[in-house]
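Grab a coffee and open the viewer. Here are some exercises to work through, each with a solution right after it.

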Amino acid sequence: MDIKDIIKPENLVYKKTDHMTDKVLSYCPGCGHGTAHRILMEVIDEMGVRADTIGVAPVGCSVLAYDFMNIDMQGAAHGRAPAVATGIKRCWPDKFVFTYQGDGDLAAIGTAETIHACNRGENITILFINNGIYGMTGGQMAPTTLEGMRTTTSPYGRDLESMGNPIKITELIANLPGVHYVTRQAVHTPRYVRRTKKAIFKAFDIQKNKKGLSFVEIVSNCNSGWKMTPNQSNIWMEDNMFPYYPLGDIKVDGKIINE
Amino acid sequence: MKEIRLMKGNEAVAEGAIRAGADAYFGYPITPQSEVMEYLMLEKPHERTGMVVLQAESEVASINMLYGAAGTGKRVMTSSSSPGISLMQEGISYMAGAELPCILVNVVRGGPGLGTIQPSQADYFQTTKGGGHGDYRLIALAPASVQEMFDFAGLGFELAFKYRTPVMIQTDGLIGQMMEKVELSEQQARITEFDQSWATTGKTPDRAQNVITSLDLDSSRQEQHNIHLQKKYQEVADNEVRYETFDSDDAEYLFVAYGSSARICQKAIELGRAKGIKVGLFRPITLWPYPMKELKAAAAKVKGILAVEQSAGQMIEDVKLATECNIKAEHFGRMGGMIPTPEEVLLALENKIIGGK
């Protein structure tokens with residue numbers, strides 16, 4: 001059978017949303033950012049809310065997110081995305097506003113903005129990509145870097161006594177009354193991609209109904225920064241990241257889920 | 001019937017913003033400017049015009065909220081005092097780079113560091129020579145009365161949107177705290193139908209995505225962006241110089257001063273003229289663009305200039321640039337929150353300029 005016999009409209013089961021641009025992703029092959037971008041854009045597409053959506057890009061690997069997400073976006077200063085999003089949302093309370101941030105951006109330099117936007121219960125969605133490392137600057141230690149993990153600034157492994165503990169910012173903000181929905185997901189297998197997409201849908205729905213802040217953490221890999229192959233990095237993530245950052249809902253309908 | 005009210009400078013700039021149709025204010029308390037947000041919270045501008053007021057967790061958050069809101073095309077303002085303005089510098093540079101209009105009010109207090117809460121003008125360099133990183137300029141307005149605190153809110157928005165650039169209202173603790181009679185102009189409606197061609201309001205099918213950013217990793221494009229910014233600043237310099245003179249027609253000597261120092265100089269002129277000293281005042285209203293040509297012309301008619309500023313001598317550098325060092329020009333000022341008296345100012349003129357070699 002010729003390939004042209006297969007590529008026909010009636011055989012189409014899955015296509016790229018036009019909410020993604022045609023630009024080549026700047027992410028390393030194997031990185032979870034591309035998948036996270038795509039499902040986020042699919043949600044906006046499927047909800048039909050592009051004309052009412054403004055995204056905020058961080059500083060980090062996804063600093064150029066607006067090159068790939070074909071929607072109106074603002075690039076924030078390092079860590080300040082939740083403040084930028086607050087400014088937008090307060091002026092346009094009926095628009096959908098989200099931030100897309102990495103762990104260094106959200107949980108180190110931007111901790112104050114993260115906590116206070118959450119505490120005010122801003123009606124925004126925060127997407128938090130946690131790969132435990134500063135990817136863009138070349139693999140330095142992040143606030144979420146695990147104990148013993150080797151990075152360029154913890155070359156002998158993260159020593160808790162001198163470098164502090166990996167921060168569970170997601171559990172921290174779940175305790176704030178302004179936060180309505182908190183979940184931790186992943187995008188390394190089809191099953192988790194579907195679950196994460198569902199979580200983003202839910203987060204946007206909460207925003208639509210003005211119930212407060214919705215927070216979706218995606219634990220992801222950084223095969224380049226971790227010095228692994230993409231497949232090795234996903235296995236390492238399951239074995240090491242997930243036990244410390246367990247997947248699943250943390251707060252639903254404003255109530256913390258008790259194990 | 002004119003609406004006249006007795007107000008503090010800080011209250012007047014807040015009322016001025018409401019009446020100029022501001023959409024939002026984001027700020028953080030710091031002395032001596034806290035009355036700006038206190039007044040706004042008390043006034044409930046959301047009920048008056050729909051204007052949003054939010055107390056942020058820091059000056060850093062305030063300026064970034066301003067960035068976000070300005071990026072959607074809204075008319076936004078923040079205010080702070082020197083240490084808080086220092087904290088905002090990164091965001092101000094981003095806003096200049098991303099070409100976002102806004103008003104920044106700096107009610108200057110004495111520094112450096114935490115300094116003092118008393119008035120000062122020692123943020124002149126920060127306002128006019130950069131402050132944040134990169135090649136950018138702020139349009140800087142220096143009110144010398146409570147009336148101008150009110151008026152410059154409207155003027156500030158006009159200039160900010162005309163050039164799509166941040167405007168700094170640089171005042172000081174004296175103008176911010178003192179009370180004067182203010183004639184209030186009528187309420188202007190907030191502009192809800194505006195040019196959204198560049199603003200991020202949600203991508204519609206009829207246009208490409210809008211992106212607000214100061215980043216461009218392609219150096220040749222970034223250079224082109226810088227050239228564009230410089231061209232815009234030149235246009236501002238060519239068209240927006242503002243200044244005024246006082247008793248300068250027959251003057252043999254000039255005070256050059258802005259803000260509260262200009263008011264003190266007016267009294268010093270009165271004292272000087274009573275003694276037969278023909279002295280006048282040249283008052284820059286825009287600190288940037290600085291009235292270079294105008295000051296040069298005024299200086300050609302006098303024997304000497306005393307630049308009066310509550311600093312160690314910052315604006316004097318622009319006075320010397322403007323006059324190309326062709327005339328005797330000295331600085332006089334107090335620092336650390338001390339306010340010079342008119343007598344001190346006159347004595348400095350007599351000692352440093354008239355009697356000086």
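**Exercise 1. A threonine in a loop**

In which loop of chain A does Thr145(A) lie? Then work out whether Thr145(A) is buried or exposed, and find what its side chain reaches.

*Solution.* Keep in mind that this is a predicted model.
- Step 1: Thr145(A) sits in the loop that runs between strand 6 (140–141) and helix 7 (160–163) of chain A.
- Step 2: the relative accessibility of Thr145(A) is 0%, so this residue counts as buried.
- Step 3: its side chain gets to the backbone nitrogen of Ala142(A), at 2.7 Å.
- Step 4: setting aside residues up to four places away in sequence, Thr145(A) touches Gly132(A), Ile133(A), Thr151(A), Arg158(A) and Pro166(A).

**Exercise 2. Walk across a sheet**

Write down the strand order of the open sheet of nine strands, and say which strands are at the edges.

*Solution.*
- Step 1: the order reads 10(A)-9(A)-7(A)-8(A)-4(A)-3(A)-1(A)-2(A)-9(B), and the pairing is mixed.
- Step 2: strand 10 (255–256) of chain A and strand 9 of chain B are the edge strands, each pairing on one side only.
- Step 3: at the chain A edge, strand 9 (residues 248–252) and strand 10 of chain A pair in the antiparallel sense over two bridges. Val252(A) has Lys255(A) as its bridge partner there.
- Step 4: at the other edge, strand 2 of chain A and strand 9 (residues 211–212) of chain B run parallel, joined by two bridges. Here Met73(A) stands opposite Val211(B).

**Exercise 3. Size up the interface**

How many residues of chain A are in contact with chain B, and which element of chain A gives the most to that side?

*Solution.*
- Step 1: 33 residues of chain A are in contact with 34 residues of chain B.
- Step 2: about 2600 Å² is buried between the two chains, with carbon and sulfur atoms giving 59% of it.
- Step 3: now look for polar links. There are 19 residue pairs in polar contact between chain A and chain B.
- Step 4: strand 1 (53–57), strand 2 (72–75), helix 4 (81–91) and helix 6 (111–119) of chain A each give two or more residues to the side that touches chain B. Helix 4 of chain A gives the most, with seven residues.
- Step 5: sort the chain A side by residue type and you get 16 nonpolar, eight polar and nine charged.
- Step 6: the rule finds two salt bridges across this interface. One of them is between the side chains of Arg120(A) and Glu57(B), at 2.9 Å, N to O.

**Exercise 4. A strand of chain B with two partners**

Which way do the residues of strand 2 (residues 24–27) of chain B point? Find the strands that pair with it, too.

*Solution.*
- Step 1: here's the rule of thumb: in a regular strand, side chains alternate between the two faces of the sheet.
- Step 2: Ala24(B) and Phe26(B) point one way, Tyr25(B) and Gly27(B) the other, and all are buried.
- Step 3: strand 2 of chain B runs parallel to strand 3 (residues 52–55) of chain B, with four bridges joining them. The bridge partner of Phe26(B) in strand 3 is Leu54(B).
- Step 4: strand 2 of chain B also pairs in the parallel sense with strand 4 (residues 76–80) of chain B, over two bridges. In that pairing, Ala24(B) has Val76(B) as its partner.
- Step 5: step back to the loop between helix 1 (9–19) and strand 2 of chain B and you'll find Asp23(B). With a relative accessible area of 2%, Asp23(B) is buried. Its side chain makes a polar contact with the side chain of Arg190(B), at 2.5 Å.

**Exercise 5. Track down some salt bridges**

Where do Asp94(A) and Lys210(A) lie, and how many salt bridges does a search of the whole structure find?

*Solution.*
- Step 1: the search finds 40 salt bridges over all chains.
- Step 2: one pair is Asp94(A) and Lys210(A), whose side chains meet at 2.7 Å, N to O.
- Step 3: Asp94(A) is in the loop between helix 4 and strand 3 of chain A, and Lys210(A) is in the loop between helix 9 (190–208) and strand 8 (213–219) of chain A, so the pair ties together parts 116 residues apart in sequence.
- Step 4: check the accessibility. Asp94(A) counts as exposed at 62%, while Lys210(A) counts as partly exposed at 42%.

Note on methods
Residues numbered from 1 in each chain as written. Chains lettered and ligands numbered in written order. Predicted model: local features only at pLDDT ≥ 70, side-chain atom pairs only at ≥ 80, totals over all residues. Heavy atoms only, no water. Contact = heavy atoms within 4.5 Å. Buried area = accessible area lost by both parts, 1.4 Å probe. Salt bridge = Lys/Arg side-chain N within 4 Å of Asp/Glu carboxyl O. Polar contact = N/O pair within 3.5 Å; in protein donor to acceptor, adjacent residues only side chain to side chain. Nonpolar A, V, L, I, M, F, W, Y, C, P; charged D, E, K, R; others polar. Pairing = 2+ DSSP bridges. Buried < 20%, exposed > 50% of the residue type's maximum accessible area, 1.4 Å probe, protein only.
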